[in-house]
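User: Could you take a close look at one part of this model for me, the place where the two chains meet? Some background on each chain would help too.

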Amino acid sequence: MIKSHLARVTWVLRGLHAFVLAFFLMTGLLTVGVAIGAFAASSAWADEYSDALAGLAAPAFNDKVAAIDALARLGDERATPVLEAMSDNRLYTRKEDGRLVIGGTGRDIALTDAATGEALGTATSRDLTRINVNNALRTALGGAIGRLQINNADPAKRLAAAETMARDRTPEAMALLRDALAREKVEDVRAAMALTYAKMSLTSTDPAERLAAVKEVSGRLSSEVRALVAPLAATNPDGSFAEPDPQVRAAATGLIARIDQRLMMTELALNLFQGVSLGSVLLLAAIGLAITFGVMGVINMAHGEMIMLGAYTTVVVQQLFREWIPAEFFGLYLVISIPAAFLVAGAVGVLMERGIIRFLYGRPLETLLATWGISLMLQQLVRAIFGAPNKEVSNPGWMTGAFEAMPGMVLTYNRIAIIIFALAVLAGLAALLRYTPFGLQMRAVTQNRNMASAMGIRTGWVDALTFGLGSGIAGVAGVALSQIGNVSPNLGQGYIVDSFMVVVFGGVGSLWGVLAGAMTLGIFNKFLEPYAGAMLGKILILVFIILFIQKRPRGLFALKGRAAEA
Amino acid sequence: MLLMSRLATLESRRGWQVFLILLVLTIVLVPVLNLTLPPESPFHVPTYMLSLLGKYLCFALLALSLDLIWGYAGALSLGHGGFFALGGYCMGMYLMRQIGTRGVYGNPDLPDFMVFLNWSELPWYWLGFGNFWFAMLMVMLVPGALAYVLGWLTFRSRITGVYFSIITQAMVFALMLAFFRNEMGFGGNNGLTDFKEILGYNVQAQGTRIGLYVASALVLALGYLISRYIVTSKLGRVLMAIRDAESRVRFLGYSVTNAKLFVFTVSAMLAGIAGALYVPQVGIINPSEFSPANSIEIAVWVAVGGRGTLYGAILGAFTVNGAKSFFTGAAPEFWLFFLGALFIVCTLFLPRGIVGLAAQLRNRAARRAIPSTETKSKEVGDAASEHGA
């Protein structure tokens, strides 16, 4: 899987090389082409073009519009920079010889000849007469530029042209767009063109064309289309309909209803995804706590710092990869970070348990205070070693980017990776508890310490390893969290209250409870956010949990029977 | 007469002597040393030191309030920083209203940050805070009401131990988030500051500082006596019984919920008063006072001093904050190491804090003198049963 990935990366890189080479070649050719063009411009065959160009400097606005139209009809690519300059108020005539020039920006205006593109040195604004442009003229310019570029070889230029043409409602522009649309192969550009075309025909005087346009845009149920069609379904201030034709009106109203429904669905799906994504982050942060707090009953306030240690391990592994490992394997650093973070945080956890916590079993409040002390010291230690500012962790290539699951719903790969990872960690842990000898011993010690001890289980070591396991999982969570947020010494502080809420809400000692708790809180939070804002949403959740515990003091998934009394 | 005789039972004869001597030292000697001696004298107490001591007195009152609920009722509240800050905000609101037209925008009614937010009138919950006595009433009522509601919800459903701690921590966390919001109308991130005067006296003036310092000392003394009154009463005995065996007390027919609720509410009020005295002395109150770390730090003051003794909490607040002032001046990077170590050392080696140290050492010496097999086997049994629980 990873190998094929690497192969793809190298292939893409090779493709990039070819592209760059092609780019340079093209630039070279273009330069030659421009030189030839400049030479040709002085000869007679381009007369029509130079006449039209000269018309731009005409005093009357009507003549200017005619010149712009002429340029657009000629379809000469060279006109584009001239028209763009005119639209930006950078087209001048030089006072000494009346030549049409394009000016640069800045105090000393760098001049290029509009007709030939030849550099003409610099001048100040006193030597030049600006060619005045008004709004009507600008609309015409936008349309002309669009028309000139709609058949450009570069898809990005065509896309831009399709968008700028929207205000140009002349029949020629529509015809041009219709032709371009028929030829267009690139999907994005095609869609943009179709939209622009429909936009043009929506205001057409012919009801049949308007109807066709509504039908045309109904393929794309987006908010843009809704804004376009909305005027057709609107009513005037006096109560009459803005759209005289009832058929068009009905089509528009129906389309708007469909779009609204789709938008609602999209928003719902997006909220759900973000909720699950937040839930998976909470899940990762809380799984380790489900072991230390849920299974062992140890209040570990340094749990957040275990997450932080995992994140810093990621930083270190990344740094080692940068220095020692060839760049093409850089994406693998994350794979190495996971066991490394598990070992680092797990080792710290075992040390903590053996050194401090085991003396405090049965005294939860003291455990809380002592582990808080550990968390302060760990934070300060990391601050002393790595410095207080945030550390930067770069996502490996295969985690950057996003795909559009449906229109308007973009899912980023790193979020998806974290959801999958969180579930995998949960499943792995459940399997470990259920099917391994260590899991069996762990459960035995939790259920009846004395009996387990009598059966020959070294309860002390099981305690240490269980605590190490919980801490190690927190470290692994740190690897994942380093991919979506800042890595700083107080990274863990932000998660500690949330993780405890998840465990208490879900039910102490139940892994499924943690899953349900994390997902419920995550989704709940995201759905509240648009109405209440991020902070108020969080406050409401905390209040909700306090009230919820009234009804179910032992959480969603309460343990039953004997274990509940432990 | 009845009150006097009850007062006499609050402390032993020796206890009263120590109490009065300390009180006189704090409220007479320190201000006199500040006012009468020239600055170059070695016994001169500089005004900044007086303010610092005033701050410590507020912290001591806060620690005392936590000891009342943690040391006696066994419920470790990690939300006392929240009650402290709420009291502080009530005082801050009064002080803001005293600024009047002297703010940057010169608006006679609205504090600067409201003018900045384009608010046209005071929100309803700011009404009345121009009156000192109303503000003082709120200093007690607001934290008290919050503690009452939260305590009623939690104690009623028999949430105890660490669950109570976590819920109170969640409460301050939520309060912190809330007070960071500008729309709350409490100055958001910047909080309330730039105070001018309190009861007509300039808050910066030396005389006002001494006055606030003496007031803090007197309130601390009064708070101590009230707490002593509670813990030496019958209710106090019930509280200690709840701390040691909650279910048994419930089965004996006492209302555990009401006893805890009462002491939690009183404790929150004391914390609120401490906050109100603190704010004019430091000149600012902002949402960072609500941070959960602050609240948990109070627990270590009490633990260091020795919980369940009241005076231990006061001693602890002075010791830890004194150490904090020393470290932040001398070696700021080591402060958190020291504080962290303090948490661990206290819980592992000093379960009864500084005030219990002497007894602890005596015990150890006695045990070493007579190595009795009986006590040893009992200990092992205890540890095992605790472990199993």
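Analyst: Of the 566 residues in chain A, 41% are buried. Keep in mind that this is a predicted model. Chain A is built from 22 helices and seven strands. If you take its contacts with a separation of 6 or more, 67% of them join residues 24 or more positions apart.

Now for the partner. Chain B has 389 residues, and buried ones make up 41% of them. Its secondary structure comes to 16 helices and four strands. The radius of gyration of chain B is 23 Å, and the globule rule gives 21 Å for 389 residues; the two values are close, so chain B is as compact as a globular protein of that length. Laid out along its principal axes, the C-alpha trace of chain B covers about 80 × 55 × 55 Å. As for contacts within chain B with a separation of 6 or more, 76% are between residues 24 or more positions apart.

On to the meeting place itself. Here 35 residues of chain A are in contact with 38 residues of chain B. On the chain B side, four helices each put in at least two residues: α7, α12 (292–305), α14 (332–349) and α16 (373–388). The largest share belongs to α7(B), with 13 residues. Sort the chain B side by class and you get 27 nonpolar residues, eight polar and three charged.

Since α7(B) supplies that largest share, let's zoom in on one of its partners across the interface. Helix α19 of chain A (residues 493–506) and helix α7 of chain B (residues 161–180) have axes that come within 10 Å and cross at roughly 130°. Angles over 145 degrees would count as roughly antiparallel and 65 to 115 as roughly perpendicular, so at that crossing angle α19(A) is oblique to α7(B). The handedness of this crossing is left-handed.

Which residues do the touching? From α19(A) you have Val497(A), Phe500(A), Met501(A) and Val504(A), and they meet Tyr163(B), Ile166(B), Gln169(B), Ala170(B) and Phe173(B) of α7(B). By class, this helix pair brings together eight nonpolar residues and one polar one, with no charged residue in the contact. The polar one is Gln169(B). So, to put the close-up in a nutshell: an oblique pair, crossing left-handed, with eight nonpolar residues in the contact.

Key. Residues numbered from 1 in each chain as written. Chains lettered and ligands numbered in written order. Predicted model: local features only at pLDDT ≥ 70, side-chain atom pairs only at ≥ 80, totals over all residues. Axes fitted to C-alpha atoms, helices over the stretch in contact; angles between N-to-C directions. Parallel < 35°, antiparallel > 145°, perpendicular 65-115°, else oblique. Left-handed = near helix turned anticlockwise from the far one by under 90°. Contact = placed C-beta atoms within 7 Å. Rg over C-alpha atoms; globule rule 2.2 N^0.38 Å. Buried ≥ 20, exposed ≤ 12 C-beta atoms within 10 Å, placed from the backbone.
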